Amino acid sequence: MERKNVLVSPEELAEQREYMQKIRDVCALLTRKPLAYVDTFGCQQNVADGEVLAGMLAEMGFAPTDDTSAADVVLLNTCAIREHAEKRVFGALGELTHTKEANPEQIIVLCGCMAQQKRIADRVKESYRHVDLVLGPQAEWRLPELLYGVLTRHDRVFSIDDEHGRIAEGLPVRRDGTVRAWVSIMYGCNNFCSYCIVPYVRGRERSRDPEKIVAECRELIEAGYREIYLLGQNVNSYGNDLDIDYDFADLLAAVDAIPGDYWLRFMSSQPKDATPKLFETMARCAHVAKCLHLPVQSGNDRVLRAMRRPYTREGYKALIDCARRAMPGLVLTSDVIIGFPGETEAEAMDTVSLVEELRFDALFTFIFSPRPGTPAAEMDDPVQRAEKQKWFDRLLDVQNAYSAEKHASYVGKTLRVLIDGESDDPDFPLSARTEGNRLVRLKGDRTRIGSFAEAKITDSNTWALYGEAVE
């Protein structure tokens with residue numbers, strides 16, 4: 001795919017704006033403001049996509065609602081990473097039969113990674129006939145056009161063409177909140193890990209122009225956002241398709257140069273593209289949080305090869321050593337899959353021993369979930385789920401002990417935190433994050449939400465810190 005074909009043209013975007021206006025004109029004829037319900041499942045990239053979809057709906061004249069029964073448009077923005085997310089979506093679709101029955105004019109939209117898969121689209125077409133519009137990530141910029149087709153022709157519309165995907169700049173965004181902002185810097189993935197469906201549903205890697213990313217970040221920082229997340233399936237390969245001498249570390253430095261009081265974070269990362277230059281850039285940039293999420297997935301070389309992860313156990317350890325030398329106070333987190341097809345107990349315990357060696361601050365852990373359409377889904381998998389659960393429990397025991405120990409080390413310290421919202425704990429009504437992205441439940445005034453504060457840590461457990469905001 002040539003770079004010149006990556007960008008959606010100004011003419012194509014103008015056509016979508018015309019469709020937005022047409023739908024807005026239809027909405028203006030109604031006796032009340034039409035409502036749209038948007039529900040996003042899955043990763044932060046999906047959250048960012050959902051904000052664009054919500055922005056287009058707002059531009060078309062729809063006000064947001066949290067009530068599916070009151071909504072004129074219900075949009076489910078889906079995830080395809082694990083079977084559990086898929087089941088949740090089908091459960092939600094089942095519940096929407098009742099809202100559609102009560103309001104036959106309601107339009108139900110299924111979009112996102114799950115919707116891009118033909119097997120899902122076929123199932124929806126046959127078994128969920130109340131769904132009006134199905135579109136994958138590559139077609140989301142065409143939501144106004146596709147929605148207009150449903151409104152005017154009253155046909156069911158399916159747009160899941162197999163395509164590499166493009167970049168549509170300048171679409172409206174309705175952000176969820178005023179503290180944290182998600183900024184997509186690239187789309188797609190070229191890695192084809194054997195267990196992952198993402199490259200098949202999000203297309204090939206395509207990087208946004210760095211000037212547009214920096215301009216968007218500047219606008220957000222000047223608007224008062226305190227935490228900026230740079231997003232991509234593999235941010236470490238940002239710029240590889242731009243044909244310029246500019247990589248992710250350069251982009252980090254450029255955003256960091258924007259004046260203001262904010263933290264800069266990023267995800268997700270692939271170890272094969274992490275470099276000393278990246279770690280050194282993180283270390284010297286004042287706004288970049290000294291927090292690294294670097295998925296390892298397994299601690300056994302044979303399993304890594306079967307996963308198509310192009311690094312070794314020792315290579316990963318060398319990367320972490322390099323990162324910790326550059327940033328001695330680094331907070332390190334990772335992803336781990338237990339029970340990959342063909343994995344033995346000894347190989348699973350290699351992962352546990354790696355966790356014991358590296359002592360991560362936290363882990364996101366999963367028992368292997370086969371994704372139809374990926375090579376791993378076709379591999380022999382003789383080990384029973386109950387056995388995998390034992391390995392998984394052993395991993396959790398080790399990591400939870402480290403997490404509790406590391407959290408306990410914060411007690412008595414005063415840390416700078418970003419107060420980002422309310423918690424569900426009446427004794428500690430505020431929710432906050434440290435620079436290392438550790439959750440802190442705080443006592444304090446709700447008026448401080450959206451600001452940085454000094455917090456004295458008074459207690460901890462495996463999953464959170466507890467404290468009080470101080471002057």
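**View 1. Gln-270 sits in the loop between strand 11 (263-267) and helix 10 (276-284).** Helices here are DSSP runs of H or I with at least four residues, strands are runs of E with at least two, and both are numbered from the N terminus. This is a predicted model, where local features need pLDDT of at least 70 and side-chain atom pairs count only at pLDDT 80 or more, while totals for chains, interfaces and linings use all residues. Residues are numbered from 1 along each chain as its sequence is written, and side-chain values use heavy atoms, with hydrogens and water left out.

Is Gln-270 buried or exposed? Gln-270 is buried, at a relative accessible area of 3%. Buried means under 20% relative accessible area, exposed means over 50%, and partly exposed is in between (1.4 Å probe, protein chains only). Not counting residues up to four places away in sequence, Gln-270 touches Asn-191, Cys-193, Asn-234, Asn-236, Leu-294, Arg-309, Pro-310 and Tyr-311. A contact, here and below, means heavy atoms within 4.5 Å.

**View 2. Stay in that loop and you'll find a cis peptide bond, from Met-267 to Ser-268.** Its omega is near -5°. Ser-268 belongs to the loop between strand 11 and helix 10.

**View 3. Helix 10 has a buried side.** Which residues of helix 10 are buried? They are Leu-278, Phe-279, Thr-281 and Met-282. These four cover an arc of only 160° around the axis, so they end up on the same side of helix 10. The arc is that of the directions from the helix axis to the C-beta atoms. Here's the background: an α-helix has 3.6 residues a turn, so residues three or four places apart point the same way. And what do the buried residues of helix 10 pack against? Their partners are helix 9 (248-256), strand 11, strand 12 (291-293) and helix 12 (313-326).

**View 4. Ile-228 is part of strand 10 (residues 227-231).** With a relative accessible area of 0%, Ile-228 is buried. Leaving out residues up to four places away in sequence, Ile-228 touches Ala-181, Val-183, Cys-217, Leu-220, Ile-221, Tyr-262, Trp-263, Leu-264 and Arg-265. For a sense of scale, pick out Val-470 too: Ile-228 and Val-470 are 242 residues apart in sequence and 25 Å apart in space, C-alpha to C-alpha.

**View 5. Ala-54 lies in helix 2 (residues 44-59).** Ala-54 counts as buried, with 6% relative accessibility. Setting aside neighbours within four places in sequence, Ala-54 is in contact with Val-38 and Arg-174. Where does Thr-447 come in? From C-alpha to C-alpha, Ala-54 and Thr-447 are 27 Å apart in space, and they are 393 residues apart in sequence.

**View 6. Arg-446 is in the loop between strand 17 (439-443) and strand 18 (452-460).** Arg-446 is partly exposed, and its relative accessible area is 45%. What does Arg-446 touch, not counting residues up to four places away in sequence? Glu-422, Pro-429 and Leu-430 are the ones. Arg-446 and Leu-251 are 35 Å apart in space, C-alpha to C-alpha, with their positions 195 residues apart in sequence.

**View 7. Phe-192 and Asn-437 are worth a look for their backbone angles.** Phe-192 isn't a glycine, yet it has a positive phi of about 55°. You'll find Phe-192 in the loop between strand 8 (186-187) and helix 7 (198-202), where it counts as partly exposed at 25% relative accessibility. Asn-437 isn't a glycine either, and its phi is positive too, at about 70°. Asn-437 is in the loop between strand 16 (428-434) and strand 17.

**View 8. Zooming back out, the chain has 14 helices and 19 strands.** The radius of gyration of the chain is 23 Å, close to the 23 Å that the globule rule gives for 471 residues, so the chain is as compact as a globular protein of that length. That radius is taken over C-alpha atoms, and the globule rule is 2.2 Å times the number of residues to the power 0.38. Along its principal axes, the C-alpha trace spans about 60 × 60 × 50 Å. Of the 471 residues, 55% count as buried. Among contacts with a separation of 6 or more, 75% come from residues 24 or more positions apart.
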